[in-house]
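Open the model in your viewer and keep the selection tool ready. Each stop below tells you what to pick and what is there.

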Amino acid sequence: MQQTLFLGNEYGVSWAAETSYDKLHDKLTSSQAGRALRSFTEPVISAKLWATKPQARWDMLLDTIEPKLTARSDRELFEPVRAFTGTPDKLPSDSKIARLTEAPRARRVVRRTKKN
């Protein structure tokens, strides 16, 4: 929901809310940034990315989350998303990007020792 509001619509974003959106994005964790990066796969987000103003906001989002992406799978996806030459609404149709969004995310495994 937050990405939907942040991207706005073809007319722009509420100027009164823009500062709040920016503050929220500044506080994203690495995991949340990874989900924000993949938000283009959601139909409601992709549907916004055909318009010029949401495209500019998408670029701002990528700038904000780039330093927060620490998982290898996020970094591997970020590079082709950033280099994509089409409009962002077409990102899901790129075969390499689609494959990378489906790749399982790295998970940390915590093992417990049994008590005897």
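Select Trp58 first. This is a predicted model, and in it Trp58 has a relative accessibility of 2%. The cut-off for buried is under 20%, so Trp58 counts as buried.

Now add Phe40. At 1% relative accessibility, Phe40 is buried too. Show both rings. What is the angle between the planes of Phe40 and Trp58? The planes stand at 85°, and the ring centres are 6.1 Å apart. Planes over 60 degrees apart count as edge-to-face, so that is the label for Phe40 and Trp58. There is no need to hunt for others: a search of the whole structure finds one aromatic pair.

Trace the chain out from each ring. Phe40 sits in the loop between α3 (30-37) and α4 (43-46). Trp58 belongs to helix α5, residues 52-65. The two are 18 residues apart, and the pair links distant parts of the chain.

Next, select α3. Colour Ala33, Gly34, Ala36 and Leu37, which are buried. Around the helix axis they cover an arc of only 160°, so they lie on the same side of α3. Helix geometry helps here: an α-helix has 3.6 residues a turn, so residues three or four places apart point the same way.

Move on to Arg82. You will find Arg82 in helix α6, residues 72-83. Is Arg82 buried, exposed or partly exposed? Its relative accessible area is 31%, so Arg82 is partly exposed.

Show what surrounds Arg82. Setting aside neighbours within four places in sequence, Arg82 is in contact with Asp59, Leu62, Asp63 and Glu66. Pick Asp63 from that group: its side chain and that of Arg82 are joined by a polar contact of 2.5 Å. Then pick Leu62. The C-alpha atoms of Leu62 and Arg82 are 7.6 Å apart, although their positions lie 20 residues apart along the chain.

Finally, zoom out and switch to cartoon. The chain has seven helices and zero strands. From the N terminus, the elements read α-α-α-α-α-α-α. Of the 116 residues, 36% are buried. Among contacts with a separation of 6 or more, 66% come from residues 24 or more positions apart.

Turn on the surface for the last view. The accessible surface comes to about 7,900 Å². Carbon and sulfur atoms account for 53% of that area.

Technical notes:
Residues numbered from 1 in each chain as written. Predicted model: local features only at pLDDT ≥ 70, side-chain atom pairs only at ≥ 80, totals over all residues. Heavy atoms only, no water. Phe/Tyr/Trp six-rings, centres within 6.5 Å; stacked < 30°, edge-to-face > 60°. Helix = DSSP H or I, 4+ residues; strand = E, 2+ residues; numbered from the N terminus. Buried < 20%, exposed > 50% of the residue type's maximum accessible area, 1.4 Å probe, protein only. Contact = heavy atoms within 4.5 Å. Areas by Shrake-Rupley, 256 points an atom, 1.4 Å probe, with all protein chains shown as cover. Polar contact = N/O pair within 3.5 Å; in protein donor to acceptor, adjacent residues only side chain to side chain. Arc of directions from axis to C-beta.
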